[in-house]
Amino acid sequence: MARGKVQMKRIENPVHRQVTFCKRRAGLLKKAKELSVLCDAEIGLFIFSAHGKRYELATKGTMQGLIEKYLKSTRGAEVAEEAKDKQTLDPKGEINMLKHEIEVLQRGLSYMYGGGAGTMTLDELHSLEKYLELWMFHIRSAKMDMMFQEIQLLKNKEGILQAANKYLQDKIEEQYPVTNMTSTLTDFQCPLTVQNEIFQF
């Protein structure tokens, strides 16, 4: 029997709505995994239920890595657009724009170090917020790179220590075989009787 066409509207029955959500969520995650395997694609997926519960899927690496990659790509596009806009400006316009950026940054620094909010306009605050977000992104990226490098160094040290430990264990087993150690212990006799002559008066 053929299924009827599903109407694209909110399911009123909460039980049916939850069952449909679970089934379709599982199907969506399965399709995303299949697309990643078949086409060698990196897929990041967020799903939030009606109750606010989060479900996520990162087919390659971690979700944080995919988000960083997405931010880098979007920032790169913004930087490219800004560079293109700057190229179209004449030298005087570019100088004036750079002077304005420096002035906004200087005001922002004075504002962060205790200056009043009245010294900056709303547009300047928006520009400062944009610069701060860009700086935070670069700082977080540099911090993540340093952490990855430290983790890699620790893994390398762990591998070296494991190899050295195995080498020492093999040397010990070569010099002191387990069978010989047990045989020498069993062959060694410790007399517990004491000669009577020693205690004669």
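**Ser49, the nonpolar core and the largest pocket of a predicted model**

Ser49 touches Phe21 and Tyr55 when residues up to four places away in sequence are left out of the count. The model in which this serine sits is a predicted one. Ser49 belongs to the loop between strand S1 (44-48) and strand S2 (54-58). Is Ser49 buried or exposed? Its relative accessibility is 14%, so Ser49 counts as buried, the limit for that label being under 20% relative accessible area.

A step back to the whole chain helps to place this loop. Five helices and two strands are found in the chain, and their order along the sequence is α-β-β-α-α-α-α. The chain has 201 residues, and buried residues make up 11% of them. Ser49 is buried, and Glu68 is another residue with that label. The chain exposes about 17700 Å², of which 61% is supplied by carbon and sulfur atoms. Among contacts in the chain with a separation of 6 or more, 30% are accounted for by residues 24 or more positions apart.

Tyr55, one of the two residues touched by Ser49, leads on to the largest nonpolar core. Which residues make up this core? There are seven in all: Leu29, Ala32, Ile43, Leu45, Ile47, Tyr55 and Leu57. Helix H1 and strands S1 and S2 are the elements that give two or more residues to this core. Within the core, Ile43 offers a good example of how the chain comes together. With neighbours within four places in sequence set aside, Ile43 is in contact with Ala32, Leu35, Ser36, Leu57, Ala58, Thr59 and Leu66. Two of these partners, Ala32 and Leu57, are themselves members of the largest nonpolar core.

Phe21, the other residue touched by Ser49, leads to the largest pocket. As general background, rolling a probe the size of a water molecule over the atoms shows where empty space is left. The largest pocket holds about 540 Å³ of space. Its lining consists of 18 residues, and Ile11, Arg17, Gln18, Thr20 and Phe21 lie nearest the centre. Which helix gives the most to this lining? That helix is H1 (residues 14-39), which provides six residues. By type, the lining of the largest pocket contains seven nonpolar, five polar and six charged residues.

Asp40 deserves a look for its backbone. This residue is found in the loop between H1 and S1. Most residues other than glycine have a negative phi. Asp40 is not a glycine, yet its phi is positive, at about 55 degrees. The side of the burial scale on which Asp40 falls is also clear: with a relative accessible area of 57%, Asp40 is exposed, because the label applies over 50%.

Two residues from other helices complete the picture. Glu68 has its place in helix H2 (residues 63-88). The relative accessible area of Glu68 is 13%, so this charged residue is buried. Which residues does Glu68 contact beyond its neighbours within four places in sequence? The partners are Phe137 and Ser141. Leu125, in turn, is found in helix H4 (residues 122-175). At 28% relative accessibility, Leu125 counts as partly exposed. Leu125 and Leu105 are 20 residues apart in sequence, and the distance between them in space, C-alpha to C-alpha, is 9.9 Å.

Note on methods:
Residues are numbered from 1 along each chain as its sequence is written. This is a predicted model: local features need pLDDT of at least 70, side-chain atom pairs count only at pLDDT 80 or more; totals for chains, interfaces and linings use all residues. Side-chain values use heavy atoms; hydrogens and water are left out. On a 1 Å grid over the protein atoms alone, a cavity is a set of points where a 1.4 Å probe fits but cannot get out, and a pocket is an open set with protein on both sides within 12 Å along at least five of seven lines; lining residues have an atom within 4 Å of a point. Grid points are joined across faces, edges and corners, and a volume is the space filled by probe spheres set on the points. Helices (H or I, at least four residues) and strands (E, at least two) are DSSP runs, numbered from the N terminus. Buried means under 20% relative accessible area, exposed over 50%, partly exposed in between (1.4 Å probe, protein chains only). Contact means heavy atoms within 4.5 Å. A nonpolar core is a set of buried Ala, Val, Leu, Ile, Met, Phe, Trp, Tyr and Cys residues joined through side-chain atoms within 4.5 Å. Accessible areas come from the Shrake-Rupley method with a 1.4 Å probe; for residues, only the protein chains shown count as cover.
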